[in-house]
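Here is a short tour of helix packing, cysteines and backbone geometry. Please keep the structure open beside the text as you read.

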Amino acid sequence: MNVAILGFGTVGSGVYDVLTLNREIITKRTGTELNIKYVLDLREFPGQPVEKVLVHDYNIILNDDDVDIVVEVMGGLKPAYEFTKQALLKGKSVCTSNKELVAKHGAELIEIAREKNCNYLFEASVGGGIPIIRQFIRSITADDIEEINGILNGTTNYMMTRMREEGLAFDEVLKEAQANGYAERNPAADIEGHDACRKIAILTSLAYGKQVDSEDIYTEGITKISDVDVAYASRLKRGIKLLGSSKSENGKVYAMVAPKMVKKDNPLYMVNGVFNAIMIKGNMLDEVMCYGKGAGKLPTASAVVSDVIDVAKHPGTNIPIIWDREKIELGNIEELSHAFFVRVKTDDLIAVQNSLPVDVLIDDVAEGEAGILTKSMKECEFNSAIKNISVLSMIRCEA
């Protein structure tokens, strides 16, 4: 079977390496040889092996009936959406790591693949090398999914880990993450929560079988988290994690991305550095957690190639994925309940104690202020209670 790779960046070159270096074992597992016929990129790679299959015009790939599988690892929406749709309409299967495209147009592209009896697979779009998408498509199919909770972004998890372990300030760990290649020069997608938001949108869409738009998900990044917040969390025997979560409650689906304080006995507490983890709770299965490297050239490429192998093992067969275009209207997060951690000036402490159901009070971490952990309460109740109080910081808390 012939494969074309769109994009020869970090992931694209990784896919090329996996298909080339593991050719023998892949052939044994698929029963057929996978041949890289084309690699599409605007750049030249003189002297490199990829030069022999390099093309600059997508139409060469699109109009070649011998190309069976297209690997889209370009990222973004343009021209990835157009190229993917054209390939599927031609009956070519597409495997991708493009979370932005999957979150935005996944339902439509799955529908086209179904109609054309080919496949649109996207294991690498969430969790890098963690096989999480397959859990929803094939493994957790007998359960009603009650809740998803996950560390879905390695950059922010690395930063929160370093702040907790070394007591570093936010700006320091961001520079460190950029120096180590974990964060882009413009880190907004990571630190403002957009990356995690797209991933929880994909998982929620798969969990409930209908479209969840990432734009509808309440999203809060880690930019307001300080080393003082981390110090309070340590006193509470908790760690701060940027979590993507969704749940089904009282007939409604709720989703959000926000930093939360996690207890030490929560399995997510021990997920450190660039690692990701996703916990899924089903009504029969109860809880299961998937853990692994959430990014990186070879882990992500390995997940893409796992989809390529899946397609090769099912020629002329559509692998069913339940994800319809009908949109889920998400519930208002004001109805959700959590405990809240707030920092306030000492002068406001009496007013806060009169307004909030206090569970724990800490007044010796930072001069002139105090930290309060509330009992569980609804978002709307909390927002109403602090309306006339100057809150220095607020972080939600996982049970």
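Let us begin with a crossing of right-handed sense, the one that helix 1 makes with helix 12. The model is a predicted one, and in it helix 1 (residues 10-21) and helix 12 (residues 297-313) pack at an angle of about 65°, their axes being 8 Å apart. From helix 1, the residues Thr10, Val11, Ser13, Gly14, Val15, Asp17, Val18 and Leu19 take part, and they meet Lys297, Leu298, Thr300, Ala301, Ser302, Val304 and Val305 of helix 12. Sorted by class, this contact has eight nonpolar, five polar and two charged residues.

A second pair is worth a look. The axes of helix 5 (residues 99-115) and helix 10 (residues 194-208) come within 9 Å and cross at roughly 45°. Because of that angle, helix 5 counts as oblique to helix 10. The crossing of helix 5 and helix 10 is left-handed. Here Lys99, Glu100, Val102 and Ala103 of helix 5 meet Asp195, Arg198, Lys199 and Ile202 of helix 10. The residues of this contact divide into three nonpolar, no polar and five charged.

Now to the cysteines. How many disulfides does a search of the whole structure find? The count is zero. For Cys118, the closest cysteine sulfur belongs to Cys95 and is 10 Å away, so the gap is too far for a bond. Cys397 is in no disulfide either, and the nearest cysteine sulfur, in Cys380, lies 17 Å from its own. Both of these cysteines can be placed by their accessibility: Cys118 is buried at a relative accessible area of 2%, and Cys397 is buried at 4%.

The backbone has some points of interest too. As background, most residues other than glycine have a negative phi, and most peptide bonds are trans. The peptide bond from Lys78 to Pro79 is cis, with omega near 0°. Pro79 sits in the loop between strand 4 (67-72) and helix 4 (80-89).

Two residues that are not glycine have a positive phi, as the table shows.

| Residue | Phi | Loop | Relative accessibility |
|---|---|---|---|
| Asn117 | near 55° | between helix 5 and strand 6 (120-121) | 42%, partly exposed |
| Lys237 | about 60° | between helix 11 (227-235) and strand 10 (238-249) | 56%, exposed |

Asn117 counts as partly exposed because its relative accessibility is 42%, whereas Lys237, at 56%, counts as exposed.

Note on methods
Residues are numbered from 1 along each chain as its sequence is written. This is a predicted model: local features need pLDDT of at least 70, side-chain atom pairs count only at pLDDT 80 or more; totals for chains, interfaces and linings use all residues. Side-chain values use heavy atoms; hydrogens and water are left out. Axes are lines fitted to C-alpha atoms, for helices over the stretch in contact, and angles run from 0 to 180 degrees between N-to-C directions. Helices (H or I, at least four residues) and strands (E, at least two) are DSSP runs, numbered from the N terminus. Angles under 35 degrees count as roughly parallel, over 145 as roughly antiparallel, 65 to 115 as roughly perpendicular and the rest as oblique. A crossing is left-handed if the near helix is turned anticlockwise from the far one by less than a right angle, and right-handed if clockwise. Contact means heavy atoms within 4.5 Å. Ala, Val, Leu, Ile, Met, Phe, Trp, Tyr, Cys and Pro count as nonpolar, Asp, Glu, Lys and Arg as charged, and the others, Gly among them, as polar. A disulfide is a pair of cysteine sulfur atoms within 2.5 Å. Buried means under 20% relative accessible area, exposed over 50%, partly exposed in between (1.4 Å probe, protein chains only).
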